[in-house]
Amino acid sequence: MLRPSLERILDNLLNNATTAIPMRGGLLSIRTFAEGSMACAEITNTGIISEEERLRLLEGEGRGRGLYITHRIVGLLKGKIDIRLGKQTTTVIVRLPTETADCPAPVAEA
C-alpha cells in the first residue's frame, strides 16, 4: 500500500507545484531527506498562496480533489504535511514514518 500511496502523494503535489509556477517561468525544486524516523519530501516552487489558503490546505481543504486526497493519504499513513511560505515561494514538506506497526514486513525472496 505504501508505494502506490507515495506515488499518488508525489504526483498530486508535483502537479499542483508545476501548475502554480508563473507562465514566464520559475523555480521547482525537490529534495528528499530523513528526519529521525521520518522520510521527507520537500517540494518548493515560485507559486505563492495566501496564509488563509495555507491554513485551509493544512486542514485538508482547499481547491481541487488532489490536495484533499493527498492530505487523507498522508494521515492514513500516520504522516504529516507542512506548508511554508517564503517571499516568492511555497514549500510543501511531506513526512512519512519509515516504519509503521500497520505495515507488514517485506517477504524475503528465496
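A residue counts as buried when its relative accessible area is under 20%, as exposed when that value is over 50%, and as partly exposed in between. With these limits in hand, the reader can walk through this structure, which is a predicted model.

The chain has 110 residues, of which 32% count as buried. It holds three helices and four strands, and these follow one another along the sequence in the pattern α-β-β-α-α-β-β. Among the contacts between residues at least 6 apart in sequence, 56% join residues at least 24 apart.

A good place to begin is Thr90, which belongs to strand β4, a strand made of residues 90-97. Because its relative accessibility is 6%, and buried means under 20%, Thr90 counts as buried. Its side chain reaches the backbone oxygen of Gly47, at 2.5 Å. Once neighbours within four places in sequence are set aside, Thr90 is in contact with Ile43, Thr44, Asn45, Gly47, Ile48, Ile49, Ile83, Arg84 and Leu85.

One of these partners, Arg84, lies in strand β3. At 44% relative accessibility Arg84 falls between the two limits, and therefore counts as partly exposed. Leaving out residues up to four places away in sequence, Arg84 touches Thr89, Thr90, Thr91, Ile93 and Arg95. The side chain of Arg84 also makes a polar contact with the side chain of Asp82, at 2.9 Å. Thr44, which is among the contacts of Thr90, is 40 residues from Arg84 in sequence, while the C-alpha atoms of Arg84 and Thr44 are 9.1 Å apart in space.

The loop between α3 and β3 contains Lys78. Most residues other than glycine have a negative phi. Lys78, which is not a glycine, has a positive phi, near 60 degrees.

Next comes helix α2, residues 51-58, in which Glu53, Arg54 and Leu57 are buried. These three residues cover an arc of only 105 degrees around the axis, so they lie on the same side of α2. What covers the buried residues of α2 includes helix α3, residues 65-76, and strand β3, residues 80-85. Just after α2, Gly60 takes a positive phi of about 85 degrees.

Leu57 also leads to another feature of the model, for it is one of the residues that lie nearest the centre of the largest pocket, together with Asn16, Ala17, Ala20 and Leu67. The lining of this pocket is made up of 26 residues, and the elements that give two or more residues to it are α1 (2-20), β2 (38-45), α2, α3, β3 and β4. Helix α1 gives the most to the lining of the largest pocket, with eight residues. The volume of the largest pocket is about 540 Å³, and by class its lining has eleven nonpolar, eleven polar and four charged residues.

Several elements met along the way thus return in the lining of the largest pocket: β4, where Thr90 is placed, β3, where Arg84 lies, and α2, with its buried Glu53, Arg54 and Leu57, are among the elements that give two or more residues to that lining.

Methods: Residues are numbered from 1 along each chain as its sequence is written. This is a predicted model: local features need pLDDT of at least 70, side-chain atom pairs count only at pLDDT 80 or more; totals for chains, interfaces and linings use all residues. Side-chain values use heavy atoms; hydrogens and water are left out. Buried means under 20% relative accessible area, exposed over 50%, partly exposed in between (1.4 Å probe, protein chains only). A polar contact is a pair of N or O atoms within 3.5 Å; within protein, one must be able to donate a hydrogen and the other to accept it, and residues adjacent in sequence count only if both atoms are side-chain atoms. Contact means heavy atoms within 4.5 Å. The arc is that of the directions from the helix axis to the C-beta atoms. On a 1 Å grid over the protein atoms alone, a cavity is a set of points where a 1.4 Å probe fits but cannot get out, and a pocket is an open set with protein on both sides within 12 Å along at least five of seven lines; lining residues have an atom within 4 Å of a point. Grid points are joined across faces, edges and corners, and a volume is the space filled by probe spheres set on the points. Ala, Val, Leu, Ile, Met, Phe, Trp, Tyr, Cys and Pro count as nonpolar, Asp, Glu, Lys and Arg as charged, and the others, Gly among them, as polar.
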